[in-house]
Amino acid sequence: MLTGDVIARSSDSTVPPVHASISGAVSEISMRSHPFGHSSKCVVITSDGKDRWVKSTVAQGLQQNILEKGIIESYGLHRLDMDRGADTVILNGTDHRPYVFVDKAIMLEERESVIVGLNLLMEAVGAKHGVIGINASDINLIDAMRHEAVGRDIEIVGLKKEYTRGMSRLLSRDLSRQLKSRFKRAIVSRVPTARAVYQAVELGRPFVESYLSVYGAAETAAVRARIGTSFQEVVGALGGYKGTPRQIVMNSPMTGVAQHTDEVSVIRATYALMIDYEVPIEEPAPCIRCAQCVDVCPVSLLPNMLGLYSRKGKFAECRSYHARACIECGYCSYVCPSKIPLMQLIRHAKENLGAGT
């Protein structure tokens, strides 16, 4: 088996295939722990140590080529938004610093790939305009990206807020106001996705590695890790742990998922690892009905009630409280004085409600 060979396909033709991230032989197919907290069937490949790549093939049509290369939206495990009715493609390049800095790292090291990748996304959906939002404090990075985008219909905008997973509509609305233009239909993606599209179309490489930032290892850095690499191996490559970790979180501190072991693997949706040493993991206390979660919810839900019903498995009630409208920003969990994992409980409810419910 070669690196880039397709090893799994879905019966749904719109779901991107999975590719081998190393060359070698399949040694087993078994159930393994998944970073999102459940078990999943995994293909285990024993490396031959040669990293021999499959010969690149190009599918007919740009959209189909991107799909065949296994690219998903790095906000989560779902396919890219390829709505041909879009007039603008937005890249959210705001990192939740200091813990997440992968977007900045990619733009510093691979500016051309980001710009070209965004152009390819625009071409794929027929959009005429592109926008990249970057933390306003990164003045030098903004200037460098503007220089790289000269001659293209792409605007580089400094943003004072950080926009976490699920805040696509808020980002689109705020950018529309800041640029004093109305987007008829804007697609919001991320910087790692644009990089992956560049590699797929220009270099012919399937999506077999994640670019992720690691905060809390002996060396804090942004690294490229092949899909399937264990978190333990990633941390080990950066000098290991600085002590006994109390908590390892995949992705951002607001919306990420705490891990029960570091033997789980990097997946296509991994873009950060955060390791805590000093902060003890607190057991949730009963809700004190302070309504802080209600006050901070950007879409005016009642996270306290949703968390209560989700914990009890009353998903019909979660539907009546509009669980599926949750954008998973994580603010409710962050402010809760009782340390109730409200976002995770609401996410659990949404998974049990299912699509179209």
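User: Why is glutamine 259 called buried?

Analyst: Its relative accessible area is 13%, and buried means under 20%, so glutamine 259 makes the cut. Keep in mind that this is a predicted model.

User: Where does glutamine 259 lie, and what does it touch?

Analyst: Glutamine 259 is in the loop between β14 (257-258) and β15 (272-276). Skipping residues up to four places away in sequence, it touches Pro35, Phe231, Ile248, Met250 and Val264.

User: What makes the link between glutamine 259 and proline 35 a polar contact?

Analyst: A polar atom of the glutamine 259 side chain lies 2.9 Å from the backbone oxygen of proline 35. The cut-off for such a pair of N or O atoms is 3.5 Å, so 2.9 Å is within it.

User: How confident is the predictor in the chain?

Analyst: Mean pLDDT is 89, with 94% of the residues at 70 or more. Element by element, helix α7 (residues 231-237) has the highest mean, 97, and strand β6 (residues 78-79) the lowest, 51.

User: Why is the pair of tyrosine 99 and tyrosine 215 called edge-to-face?

Analyst: The ring centres are 5.0 Å apart and the planes sit at 80 degrees. Pairing needs centres within 6.5 Å, and edge-to-face needs planes over 60 degrees apart, so the pair passes both tests. Tyrosine 99 is in the loop between β7 and α2 (102-109) and tyrosine 215 in strand β11 (residues 209-215), so the pair ties together parts 116 residues apart in sequence.

User: What makes tyrosine 99 and tyrosine 215 partly exposed?

Analyst: Tyrosine 99 has a relative accessible area of 30%, and tyrosine 215 comes in at 27%. Buried is under 20% and exposed is over 50%, so tyrosine 99 falls in between, and so does tyrosine 215.

User: How many aromatic pairs are there, and why is the one with tyrosine 309 and tyrosine 321 called tilted?

Analyst: The count comes to two. Tyrosine 309 and tyrosine 321 are 5.7 Å centre to centre, with 40 degrees between the planes. Stacked is under 30 degrees and edge-to-face is over 60, so 40 degrees lands in the tilted class. Tyrosine 309 is in helix α9 (residues 303-311) and tyrosine 321 in the loop between α10 (315-320) and α11 (331-335), 12 residues apart.

User: Is tyrosine 309 buried or exposed, and what about tyrosine 321?

Analyst: Tyrosine 309 is buried, at 19%, since the limit is under 20%. Tyrosine 321 has 27% and counts as partly exposed.

User: How do you know that arginine 205 sits over a ring?

Analyst: The charged end of arginine 205 is 4.0 Å from the ring centre of tryptophan 53. The distance limit is 6 Å, so that part of the test is met. Arginine 190 lies over the face of tyrosine 271 too, at 4.5 Å from the ring centre.

User: Which residues have the most contacts inside the largest nonpolar core?

Analyst: Ile132 and Met145, in a core of 58 residues. Helix α3 (residues 111-125) gives the most to this core, with nine residues. A second, separate core of 14 residues includes Ile90, Tyr163, Leu170 and Leu175.

User: Why is isoleucine 156 called buried, and what is it in contact with?

Analyst: Isoleucine 156 has a relative accessible area of 6%, and the bar is under 20%, so buried it is. This residue belongs to strand β9. Outside its neighbours within four places in sequence, its contacts are Ile132, Ile134, Ile142, Met145, Arg146 and Ala149.

User: What stands out about phi at histidine 322 and glutamate 328?

Analyst: Most residues other than glycine have a negative phi. Histidine 322 has a positive one, near 60 degrees, and glutamate 328 has a positive one near 55 degrees. Histidine 322 is in the loop between α10 and α11, and glutamate 328 lies in the loop between α10 and α11.

User: Buried or exposed: which applies to histidine 322, and which to glutamate 328?

Analyst: Histidine 322 is at 53%, and exposed means over 50%, so it counts as exposed. Glutamate 328 is at 8%, under the 20% limit, so it counts as buried.

How values were computed
Residues are numbered from 1 along each chain as its sequence is written. Side-chain values use heavy atoms; hydrogens and water are left out. A nonpolar core is a set of buried Ala, Val, Leu, Ile, Met, Phe, Trp, Tyr and Cys residues joined through side-chain atoms within 4.5 Å. Buried means under 20% relative accessible area, exposed over 50%, partly exposed in between (1.4 Å probe, protein chains only). Helices (H or I, at least four residues) and strands (E, at least two) are DSSP runs, numbered from the N terminus. Rings of Phe, Tyr and Trp (its six-membered ring) pair if their centres lie within 6.5 Å; planes under 30 degrees apart count as stacked, over 60 as edge-to-face and the rest as tilted. A charge sits over a ring if NZ of Lys or CZ of Arg is within 6 Å of the ring centre and within 35 degrees of the ring normal. Contact means heavy atoms within 4.5 Å. A polar contact is a pair of N or O atoms within 3.5 Å; within protein, one must be able to donate a hydrogen and the other to accept it, and residues adjacent in sequence count only if both atoms are side-chain atoms. pLDDT is the predictor's confidence in each residue, from 0 to 100.
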